[in-house]
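I set out to record what I looked up in this structure, entry by entry. The notes follow the order of my reading.

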Amino acid sequence: MKNEGFSLAEILITLGIIGVVATMTIPTLMTNFQKKRTETQLVKFYSMINQTLRMSVAENGDPEGWISRDKGYSADENIEFLNTYILPYMKNLGYKNCTRNSDLICIALLDGGVITFKIDGNGADITYYTEEKYRTDMQNIARHRFSFQFSKESGAWDKINSTNYIEPYTYGWDGKLQSLRTHPRYGCRNGAGYNFCTKMIQQNSWKIPSDYPW
């Protein structure tokens, strides 16, 4: 009777093809999974931080006068602001100075992420890291660090953005989509600060664009 089975050579060739296909597709699948996870984390954080602000406004009133203009806050002043306006309304695991002799305050989140917070002379800078371990990772900034602002000047002395909500960082942005990438200091690209990356994602319905520097 004729043997209908596969020869060893045929089996090895098939396994080889499967291996090649897996090598080609698994990295793409992993990248897509990581992007989707990051999108979910980012939307969740944006919703949470603005819900926090809304609860604070309900109790503390109009946020217009919360921040003193034209001065940088010390670490103690940043902590006082957080303890008054933010932390009582947000679930967290505590705060600390991010580094020695720094005015930057780190707030640990329940999901493993971390927020850094600092008020300078033109408003509050808020940075969200998807995980605490990535806060010092300078190789993959666009993947793990997302910049926001509160009561921040637009770059013109007579205009203040985001007084009643926390928004993606747009300081110095001219409103043109192309500038989110090409801005020399804050553009979402290698060689710039990546600060506008969060705004780029928001402008794409909170989906990471295909030309994002992932």
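Entry 1. I began with the side chain of Asn78, which reaches the backbone oxygen of Asp103 at 3.0 Å. I note that the model is a predicted one. I placed Asn78 in helix H2, which covers residues 75-86. I then asked whether Asn78 is buried or exposed. Its relative accessibility is 0%, under the 20% limit, so I entered Asn78 as buried. Setting aside neighbours within four places in sequence, I listed its contacts as Tyr73, Asp103, Ile105, Phe117, Lys118 and Ile119.

Entry 2. I turned to the sheet. In which order do the six strands lie? I read S1-S2-S3-S4-S5-S8, an open sheet with antiparallel pairing. Strand S1 (95-97) and strand S8 (167-168) are at the edges with a single partner strand each, so one side of each has no neighbour in the sheet. I found that helix H2 packs on this sheet and touches S1, S2, S3 and strand S5 (145-150). The direction of H2 makes about 115 degrees with that of S3.

Entry 3. I examined one strand pair. Strand S2 (residues 105-108) and strand S3 (residues 114-120) are joined by four bridges in the antiparallel sense. For Ile107, I recorded Ile115 in S3 as the bridge partner.

Entry 4. I looked up Thr130 and found it in the loop between strand S4 (123-129) and helix H3 (141-144). Thr130 has 2% relative accessibility and therefore counts as buried. Apart from residues up to four places away in sequence, Thr130 touches Gln41, Gly112, Gly113, His144 and Phe146. Between the C-alpha atoms of Thr130 and Ala75 I noted a separation of 23 Å, with their positions 55 residues apart along the chain.

Conventions
Residues numbered from 1 in each chain as written. Predicted model: local features only at pLDDT ≥ 70, side-chain atom pairs only at ≥ 80, totals over all residues. Heavy atoms only, no water. Helix = DSSP H or I, 4+ residues; strand = E, 2+ residues; numbered from the N terminus. Buried < 20%, exposed > 50% of the residue type's maximum accessible area, 1.4 Å probe, protein only. Polar contact = N/O pair within 3.5 Å; in protein donor to acceptor, adjacent residues only side chain to side chain. Contact = heavy atoms within 4.5 Å. Pairing = 2+ DSSP bridges. Axes fitted to C-alpha atoms, helices over the stretch in contact; angles between N-to-C directions.
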